[in-house]
Amino acid sequence: MTARLERRQVQSDARRELMLDAARAVFGRLGIEGASIREIAREAGYTPGAIYSYFDSKDAIYGALLAESLERLHGAVNAAGTDAATPADLLEAKAGAWFGFYAARPRDLDLGFYLVQGMQPRGLTSELNGQLNDRLHDALRPCEAALQAMGLNAEDALRENTSLFAHGVGLLLLQHTGRIRMFGQDTTLLFEAYVIGLVERLAAR
């Protein structure tokens, strides 16, 4: 690739990221139903035609944002637990990583669970939705591996990991909506207590 082509590619990538940043802001403000290509273009400082040269619809933009979010999630999970001494330590580190990722990034939680679309993956093709679901599950598999290392078979590890994820997501939604305040509780402490309880229950088997 020539220097000129490299510069063009860098500029193109920068424009695409600017458009995605604008879309993230618009989706957060208006939701996907209220958002439009025109509004995203206005936020980015481009014409709608410029947006369409990168994305054929706002749903395609949404899919790109969700894919990027899941890659950041993977990075957080992969970086956690490198110094874990036991499978239990690894479970706590990996589970804490995905929970902490979403706890600190409510907009990523919205994207990951279609909350800006009314709880339904409208606009995403079944193939793309399946790919994104698989990518999310990939980020949770280290917890399943840790559970198997603690003595569970694959089926039981999947069941416990599903329960762990469901518990964490419920707490995240309570935090995200502010409903946790009615209980006067801390979601991170509650999640950590759940993981500790799971480890102790498995150790007693």
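Contact here means heavy atoms within 4.5 Å. The model shown is predicted.

**View 1. The whole protein is built from helices, with 9 helices and 0 strands.** From the N terminus on, the elements run α-α-α-α-α-α-α-α-α. The C-alpha atoms fill a box of roughly 60 × 50 × 30 Å along the principal axes. Of the 205 residues, 37% are buried. Among contacts with a separation of 6 or more, 66% join residues 24 or more positions apart.

**View 2. Helix α4 packs against helix α5.** Helix α4 spans residues 58-79, and α5 spans residues 87-104. Their axes lie 8 Å apart, at an angle of about 140°. The crossing of α4 past α5 is right-handed. From α4, the contact uses S69, L70, R72, L73, A76, V77 and N78. From α5 come K94, A97, W98, F101 and Y102.

**View 3. K94 of helix α5 is a buried lysine without a salt bridge.** The nearest side chain of opposite charge belongs to D83. That side chain is 9.4 Å away from K94. A salt bridge requires a side-chain nitrogen within 4 Å of a carboxyl oxygen, so D83 does not qualify as a partner for K94.

**View 4. The side chain of K94 meets the backbone of V77.** A polar atom of the K94 side chain lies 2.8 Å from the backbone oxygen of V77. V77 is also one of the α4 residues in the contact with α5.

**View 5. The surroundings of K94 include residues distant in sequence.** Leaving aside neighbours within four places in sequence, K94 is in contact with V77, N78, A80, P142 and C143. Of these, V77 and N78 also belong to the α4 side of the helix pair.

How values were computed:
Residues are numbered from 1 along each chain as its sequence is written. This is a predicted model: local features need pLDDT of at least 70, side-chain atom pairs count only at pLDDT 80 or more; totals for chains, interfaces and linings use all residues. Side-chain values use heavy atoms; hydrogens and water are left out. Helices (H or I, at least four residues) and strands (E, at least two) are DSSP runs, numbered from the N terminus. Buried means under 20% relative accessible area, exposed over 50%, partly exposed in between (1.4 Å probe, protein chains only). Lys and Arg count as positive and Asp and Glu as negative; His and the chain ends are not counted. A polar contact is a pair of N or O atoms within 3.5 Å; within protein, one must be able to donate a hydrogen and the other to accept it, and residues adjacent in sequence count only if both atoms are side-chain atoms. Axes are lines fitted to C-alpha atoms, for helices over the stretch in contact, and angles run from 0 to 180 degrees between N-to-C directions. A crossing is left-handed if the near helix is turned anticlockwise from the far one by less than a right angle, and right-handed if clockwise.
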